[in-house]
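Thanks for sharing this one. Here are my notes, set out as numbered points so that you can follow them with the model open beside you.

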Amino acid sequence: MQYRRVGKNGDEASILGYGCMRFPTKNGKTDMERTEKQIMSAIERGVNYFDTAYLYIGSEAALGSILHKNGVRNKVMIATKIPPYLVNSRKDMESILNTQLERLKTDYIDYYLLHALQDIKGWEKAKANGLMSFLEEMKAKGVIRNIGFSYHGDKNDFKVLIDDYNWDFCQIQYNYIDETNQAGVDGLKYAHSKGIGVAIMEPLRGGSLVGKMPDEIKKIWNKAKVNRSYVDWALRWLWNQPEVGVVLSGMNEESHIEENIKLACEVKPNTITEDEHSIYKEVKETYLRLMKVGCTGCAYCLPCPAGVNIPFCFSYYNSKHLFKNKHLRFQYLMFGGGATGGRNSLASKCIDCGKCEKACPQHIEIRKDLKNVKKEMEPWWSGPLLSIIRGVLKIKRFFTRGKITE
């Protein structure tokens with residue numbers, strides 16, 4: 001495993017960080033046995049940075065339990081986050097931090113972030129509420145070792161934030177598609193120039209850079225002289241930049257952990273050739289041309305008051321255009337419209353309240369895009385068809401229950 005400095009105090013973090021937002025599940029709950037094996041395997045192979053958050057349901061408790069059970073808390077660095085928008089008093093701050101310490105079964109947190117700052121307004125509110133004074137007090141007591149923030153705004157506000165406080169580290173969304181989006185490469189280099197460590201989130205853009213690949217993009221990758229996996233291309237682009245500290249990957253499949261760790265042991269900075277840079281540029285331009293909505297699937301927009309599964313809707317909408325597959329519209333209707341037994345969570349249920357847009361880190365015009373999804377993915381006949389299918393399922397369940405009762 002390779003290591004790079006991630007904070008001002010000289011900490012050396014594994015260049016591959018373990019993103020703990022989505023552990024493997026079983027029967028709707030975290031599969032603790034499998035999660036433990038995955039985490040311990042990663043630690044044994046040199047991964048020492050684990051990223052979680054107060055709002056990641058079950059994540060802090062699962063991570064804390066596993067680290068405590070195996071006696072490895074002192075071998076890793078834990079990064080977790082406090083949501084400033086839930087904090088209005090010192091009592092709120094104390095309650096959240098104490099809950100996190102209890103969940104994580106620890107008496108200190110290595111890296112503590114203000115979760116999802118998006119603009120100067122949110123930052124000023126955090127300061128006015130006394131959040132930074134509280135964190136500084138906790139740092140002086142050793143309860144927090146480093147203070148930072150995760151960010152989803154534009155690069156201008158990012159630089160203002162960097163200059164307005166003595167941060168230890170920060171976390172930004174960054175990948176070869178988002179090179180100039182949000183903080184972007186300018187923000188990365190600016191933070192690094194100030195001695196502030198940078199952690200990277202969304203390195204695979206919600207998986208969209210490594211899943212099923214459109215034919216147009218496959219052809220571009222095939223031009224390369226070296227045959228690499230899509231994960232290799234994505235992570236290599238990041239680790240090629242010495243300003244990048246730790247790259248967070250939400251690993252919940254054994255094969256993914258194996259490949260990512262292997263790459264983290266091999267990839268060196270400043271090794272991408274000019275020809276390869278040209279290929280990245282062409283792939284990026286093609287992605288942006290084919291993609292309809294820049295959704296990464298982070299799900300910060302959920303829950304929707306009307307029940308719309310926004311990431312689901314955008315995923316199918318994008319895929320239909322990326323892969324030019326008309327059958328995806330039918331799958332969208334069946335899976336999202338309750339035809340398979342679930343709830344109706346289609347774009348047409350949007351009530352135009354705007355709650356989702358306030359929470360979206362990508363600043364997507366969600367309501368406008370949902371209308372486009374509805375127009376293209378939900379033809380006039382879809383409503384009556386789904387009503388009939390749901391009715392048939394309801395009758396079927398009724399008679400099935402009757403047979404079981406008898």
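**Notes on the predicted model**

1. Let me start with P303, which sits in the loop between α11 (274–290) and α12. The peptide bond joining L302 and P303 is cis, with omega at about 0°. Please bear in mind throughout that this is a predicted model.

2. Helix α12 (residues 310–323) also comes up when you look at the interior: α12 gives three residues to the lining of the largest cavity, the largest share from any element. The volume of that largest cavity is about 90 Å³. Its lining counts 16 residues, and C295, C298, C301, C360 and I366 are the closest to its centre. How many cavities of 30 Å³ or more does the structure hold? The count is one.

3. Now to the overall fold. Eight strands form a closed barrel in the order β3-β6-β7-β8-β9-β10-β11-β12, and the pairing is parallel. From one strand to the next, the twist averages 30°. As a reminder, strands of a sheet pair through backbone hydrogen bonds, in either a parallel or an antiparallel way.

4. For a closer look at one pair in the barrel, take β7 (residues 77–82) and β8 (residues 109–117), which pair in the parallel sense over four bridges. A79 has Y111 in β8 as its bridge partner. Helix α3 (residues 90–104) packs on the sheet and touches both β7 and β8, its direction making about 130° with that of β8. Helix α5 (residues 131–140) packs on the sheet too, touching β7, β8 and β9 (144–151), and its direction makes about 145° with that of β9.

5. The loop between α3 and β8 deserves a glance, since K105 is found there. Phi of K105 is near 50°, a positive value in a residue other than glycine. Is K105 buried, partly exposed or exposed? Its relative accessible area is 43%, so K105 counts as partly exposed.

6. Q182 is another residue with a positive phi, about 50°, although it is not a glycine. You will find Q182 in the loop between β10 (169–173) and α7 (184–193). Its relative accessibility is 13%, and because the cut-off for buried is under 20%, Q182 counts as buried. The side chains of Q182 and Q362 are joined by a polar contact of 2.8 Å. Leaving aside neighbours within four places in sequence, the contacts of Q182 are Y151, H152, G153, D154, K155, Q173, P361 and Q362.

7. On to strand β12, where V247 lies. With a relative accessible area of 0%, V247 is buried. In sequence V247 and G17 are 230 residues apart, yet their C-alpha atoms are 5.5 Å apart in space. Not counting residues up to four places away in sequence, V247 touches I15, L16, G17, I200, P203, L235, L238 and W239.

8. Strand β12 (246–249) leads to my last point, as β12 is one of the elements giving two or more residues to the lining of the second largest pocket, together with β10 and α10 (254–266). Which residues lie nearest the centre of that pocket? They are R22, E202, G206, S249 and G250, out of 35 lining residues. The volume of this second largest pocket is about 780 Å³.

Note on methods. Residues numbered from 1 in each chain as written. Predicted model: local features only at pLDDT ≥ 70, side-chain atom pairs only at ≥ 80, totals over all residues. Heavy atoms only, no water. Buried < 20%, exposed > 50% of the residue type's maximum accessible area, 1.4 Å probe, protein only. Polar contact = N/O pair within 3.5 Å; in protein donor to acceptor, adjacent residues only side chain to side chain. Contact = heavy atoms within 4.5 Å. Pairing = 2+ DSSP bridges. Axes fitted to C-alpha atoms, helices over the stretch in contact; angles between N-to-C directions. 1 Å grid on protein atoms, 1.4 Å probe; cavity = no way out; pocket = protein on both sides within 12 Å on 5 of 7 lines; lining within 4 Å. Points joined across faces, edges and corners; volume = space filled by probe spheres on them.
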